[in-house]
Amino acid sequence: MGIQQRVDRKLREIDDLFEDDDIELEPILWQPFKGKPQEFAYYSPAQDLLYGGEPGGGKSDLIAGLALTAHKRSLILRREASQLNEIVSRIEDQLCGGNYRFHGKTHILKYGDRWVEKGGCKLLKDRVRYKGRPHDLKAFDELSEFPKEVYDYVKIWNRTSDSNQRCRTVATTNPPDTQEGQWIIQYWSPWLDKRHPNPAQSGEIRWYLGDTEVDEGTPDARSRTFIYSSITDNAVLMATGYQSTLNALPEELRRTMMEGFVSGMQDTPYQVIPTQWVQDAINRGKLLEQKSLLEPIDAIACDPSRGGKDACAIATRRGYNIQTKEYPAIKSQDGLQVVQYIIEARQGQNPITMIDVIGIGSSPYDIAKLQGLEPIAMNASEKSYKRDRSGKLSFANKRAEWWWKFREALDPNYNSQITLPDDPRIIAELTAPLWSLTMRGILIESKEEIKKRLGRSTNLADAIVMVSDVPSLYTSSFI
């Protein structure tokens, strides 16, 4: 029996749990706020819609209204299902008059021919619960709390067999308050990233194949948009004085919640590298003269792909100037191919060459050694014998040493001159790891734990911190 047949059988079993609705149902009278962003979002033709920007803009209400007035099969997700209580209450008590409830075992509310399912996806592996299950509405509440991989995976089955029913993915969010949510700024970069070369207006439609923007009319492209909303767009909450509650928040929290996506990115406690330090290095890179890119290459570091969607990352360093390049994962799992990438990056020069030897990295290292590249094996789990700049703190392993030394190299209090490429992925990856102080010294969060939060590996960042592990190429203040 195929996947679709098993899905159809399961749906019939679920349908049998509910009584047939032969009686005439009361119509759902919900309507979006007229002339407001909520209405524009309701009628937007975009297949992938992001809605929100500030608290109180009617985000949860939009999802509830869409599920019961515009769609036949809806899935509403939150990182944890228990966080959906507000939307559940809105659907049960106000839209359905209190006479219909979500079924305790299936988590489905059936109202006539409409099904609304609620769910959670706390861990990355939980996404497989929704494999092969079609919904014409896939709705994500507070998208910045989800890894990108969950969003991309679940919406694969945004489909229907009803030719008269439109399909769409709708996500709502406040500004991300951690680096985990940084990916949504890149995903909707024309609307959210002020550095985008071709910015889009709220509600403007753009077209994408995967993560690449393409022209309208490109076969298989999906339409995408972002619509901004705020407390002033919600007449109901404005009448209750909710805005004064938001205005009374402590200044830092108020900025995070009320002043959009840029100011919403706040550093988290025990973040290894402050976001502003990374941004400062990027800003210095923008001022580099082109001739700086022609200087001799001092060092190269390679973090090979571990398979899957992870890319092979290579960082090159010319003095203080660091550049990066990624290679497709499907081509990066072969050791010989990785070495060819390294040779290409060396540009006929003889720089210090470092290769991460954990996992697949042992193969490129061995091949590079045979080819006379004299590589240095970088083993993150090895014991570290160094201390931090103060001389008081040790490191639990080499990984902690590399990351902390790069943190010290970026410290503006010591006149940092390091430059980095202008890439939002680098900001997200370099600012993602957290640290803790253990009996063995400073310990940096593992790549596996970071990947659970970011939805991808930190290969670019790891290549950057490895290529920086040559103190003699910096000033003595780095040592």
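In the predicted model, an open sheet is built from five strands in the order E12-E11-E10-E13-E14, with mixed pairing. Strand E12 (321–327) and strand E14 (376–378) occupy the edges; each has a single partner strand, so one side of each remains without a neighbour in the sheet. On average, and with direction ignored, neighbouring strands of this sheet are turned by 20° against each other.

At the E14 edge, the pairing with strand E13 (residues 352–356) is parallel and comprises three bridges. Within this pairing, Met-354 is placed opposite Ile-376 of E14. The sheet is also contacted by a helix: H13 (residues 335–346) lies across strand E10 (299–303), strand E11 (312–318), E12 and E13. The helix runs at about 20° to E11.

Cysteine pairing was examined across the whole structure, and zero disulfides were found. For Cys-302, the nearest cysteine sulfur belongs to Cys-312 and lies 3.9 Å away; because a disulfide requires sulfur atoms within 2.5 Å, Cys-302 is in no disulfide. Cys-302 has a relative accessibility of 0% and therefore counts as buried.

A further buried site is provided by Asp-61, whose relative accessible area is 15%. Asp-61 is located in helix H3 (residues 59–69). When neighbours within four places in sequence are left aside, Asp-61 is in contact with Trp-30, Gln-38 and Arg-90. With Arg-90, the side chain of Asp-61 forms a polar contact of 2.4 Å, which joins the side chains of both residues.

Definitions and conventions
Residues are numbered from 1 along each chain as its sequence is written. This is a predicted model: local features need pLDDT of at least 70, side-chain atom pairs count only at pLDDT 80 or more; totals for chains, interfaces and linings use all residues. Side-chain values use heavy atoms; hydrogens and water are left out. Two strands pair if DSSP finds at least two bridges between them. Helices (H or I, at least four residues) and strands (E, at least two) are DSSP runs, numbered from the N terminus. Axes are lines fitted to C-alpha atoms, for helices over the stretch in contact, and angles run from 0 to 180 degrees between N-to-C directions. Contact means heavy atoms within 4.5 Å. Buried means under 20% relative accessible area, exposed over 50%, partly exposed in between (1.4 Å probe, protein chains only). A polar contact is a pair of N or O atoms within 3.5 Å; within protein, one must be able to donate a hydrogen and the other to accept it, and residues adjacent in sequence count only if both atoms are side-chain atoms.
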